[in-house]
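This briefing gathers what can be said about the fold before any bench work is planned around it. Please keep the sequence and the structure open side by side while reading.

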Amino acid sequence: MLCCVLSIVFVHHNESFYDRPIAEVIKADVAESEPMTDMYDNDDYLFTQHITAVIQNGPHKGQSIHLTNDYSASGAFDQEYRVGNEIFVSIDNHGSQSGLTGTILDLKRDQTLLMIAWIFIFVLLLIGKRQGLFSIISLIVNALILSFALDLYVKHGNLSLLVISGICALLFTIISLLLISGLNTKTYAAIVSTLLGTVMALIISSVVMWLTGENGLRYEEMQFLTRPYRTVFMAGLFIGSLGAVMDVSITMASSIFALYEQDPTISVKALKSSGHEIGKDIMGTITSILFFAYLCGSIPMVILYLKNSSTLGLTLSLNLSLELARALAGGIGVVLTIPISQYTALFFINRKRVQE
């Protein structure tokens, strides 16, 4: 709670830590509006706002600045600003007689993002308690590792992105599962099955892409990269499928080990049968989650293409081909991981029985 309060107070008074000028809107009036219809009969409205704001940092702190904001009702590349919003501005070198003038660059969003982050943290702690705390730590550590790895690749282009992704996947798996489940046999089984399932999914996806000549994959959205976009795509497949595979692995391992701990005399056949039923139950839901997670991000672009008279086939192939490939690769990993994690858990249980 102390961290929450202090961080909220900080982001409401952190303007001096920014290099770019920040201004708080104190007045916003709509000066004019006009309807607009494009060549495809799409209707929209254009608005012009006259904004008065007060500079919050830098040499002009405390001075008023007059800004003009043009925005549309659709809000595709712009937005309406309201009193109380904090915005990044560019100050003109020559001001008018009424005061400073400038251009709006972007909205300062750290306050909203922080509130959402704290809601997420409190929900995790409320429901997960100790495990929720370790989940937060795992998320932070993994984010730092990924950030460092990407920064390393950008600065040293001679390094293999697939090798970096593989090392990251290994670290993500070990750190996440050890923090959440602890040092025990169940965790070891989940780590082994996660790594095997992810690697097998990547190998199968690579073989299929090689056999089909990558026919149907549209890399247009990645053409602006200055790095080999196929390698970037394969690294995305690797990291993207890891989360779902890890989820399946720990679910299967936890379920089978829970059955064993409830009844140490339970037969291997009964454990195998129970694991098979559990696998069938989670298979459909997790693969559906994968498809929803990947495809939902493309919905705005699909609507944009269709509203501008692009054909359905072209729209789907341009915007969904890579997302479908990622979802299918993750789905393959999920399906393969179910038997892998089942037999891995049984192997560790049998080994435990022999030791006892």
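Leaving aside its neighbours within four places in sequence, which residues is Leu217 in contact with? In this predicted model, Leu217 is in contact with Met209, Phe233, Ser321, Leu322 and Ala325, once the neighbours within four places in sequence are set aside. The points below begin with the cores, continue with the helix crossings and the barrel, and end with three exposed positions.

**Nonpolar cores**

- Leu217 is also one of the residues with the most contacts inside the largest nonpolar core, which has 26 residues; the others named with it are Cys168, Leu177, Met209, Phe233, Met234 and Leu237.
- The elements giving two or more residues to this core are helix 3 (130–155), helix 4 (161–181), helix 5 (185–212), helix 6 (229–262) and helix 9 (312–355), and among these helix 6 gives the most, with 9 residues.
- A second core, separate from the one just described, has 20 residues and includes Leu271, Ile286, Ala327 and Leu346.
- As background to both cores, nonpolar side chains in soluble globular proteins tend to be buried together.

**Helix crossings**

- Two packed helices are described by the angle between their axes and the distance between the axes, and the crossings below are given in those terms.
- For helix 5 and helix 9, the axes come within 8 Å and cross at roughly 145°, and the crossing is right-handed.
- On the helix 5 side, this contact is made by residues including Thr185, Tyr188, Val192, Leu196, Met200 and Ile204, while on the helix 9 side the residues include Ala329, Ile332, Leu336, Ile340, Thr344 and Phe348.
- By class, the residues of the contact of helix 5 with helix 9 divide into 13 nonpolar, 8 polar and no charged.
- For helix 6 and helix 9, the axes come within 7 Å and cross at roughly 35°, and this crossing is likewise described as right-handed.
- The contact of helix 6 with helix 9 has 19 nonpolar and 7 polar residues, together with 3 charged residues.

**The barrel and its strand pairing**

- In the order 1-2-3-5-4, 5 strands close into a barrel in which the pairing is mixed, and neighbouring strands of this sheet are turned by 45° against each other on average, direction ignored.
- Strand 1 (residues 22–37) runs antiparallel to strand 2 (residues 43–55), and 13 bridges join the two.
- Along this pairing, Asp29 stands opposite His50, Val30 stands opposite Gln49, and Glu32 stands opposite Thr48.
- Strand 1 is also joined to strand 4 (residues 86–91) by 3 bridges, again in the antiparallel sense, with Ala23 standing opposite Ile87 of strand 4.
- Strand 2 pairs in turn with strand 3 (residues 64–72), antiparallel and over 9 bridges, and within that pairing the bridge partner of Leu46 is Ser72 in strand 3.
- When these strands are inspected, it may help to recall that in a regular strand the side chains alternate between the two faces of the sheet.

**Three exposed positions**

- Pro35 is found in strand 1, and Pro35 counts as exposed because its relative accessibility is 59%, which is over the 50% cut-off.
- Not counting residues up to four places away in sequence, Pro35 touches Asp44 and Tyr45; the C-alpha atoms of Pro35 and Ser72, which are 37 residues apart along the chain, are separated by 9.5 Å.
- Ser16 has its place in the loop between helix 1 (2–11) and strand 1, and with a relative accessible area of 60% Ser16 is exposed.
- Ser16 and Ala253 are 237 residues apart in sequence, and from C-alpha to C-alpha they are 50 Å apart in space.
- Lys129 lies in the loop between helix 2 (110–128) and helix 3, and its relative accessible area of 58% makes Lys129 an exposed residue too.
- The backbone at Lys129 has a positive phi of about 55°, although Lys129 is not a glycine; for context, most residues other than glycine have a negative phi.

Key
Residues are numbered from 1 along each chain as its sequence is written. This is a predicted model: local features need pLDDT of at least 70, side-chain atom pairs count only at pLDDT 80 or more; totals for chains, interfaces and linings use all residues. Side-chain values use heavy atoms; hydrogens and water are left out. Two strands pair if DSSP finds at least two bridges between them. Helices (H or I, at least four residues) and strands (E, at least two) are DSSP runs, numbered from the N terminus. A nonpolar core is a set of buried Ala, Val, Leu, Ile, Met, Phe, Trp, Tyr and Cys residues joined through side-chain atoms within 4.5 Å. Buried means under 20% relative accessible area, exposed over 50%, partly exposed in between (1.4 Å probe, protein chains only). Contact means heavy atoms within 4.5 Å. Axes are lines fitted to C-alpha atoms, for helices over the stretch in contact, and angles run from 0 to 180 degrees between N-to-C directions. A crossing is left-handed if the near helix is turned anticlockwise from the far one by less than a right angle, and right-handed if clockwise. Ala, Val, Leu, Ile, Met, Phe, Trp, Tyr, Cys and Pro count as nonpolar, Asp, Glu, Lys and Arg as charged, and the others, Gly among them, as polar.
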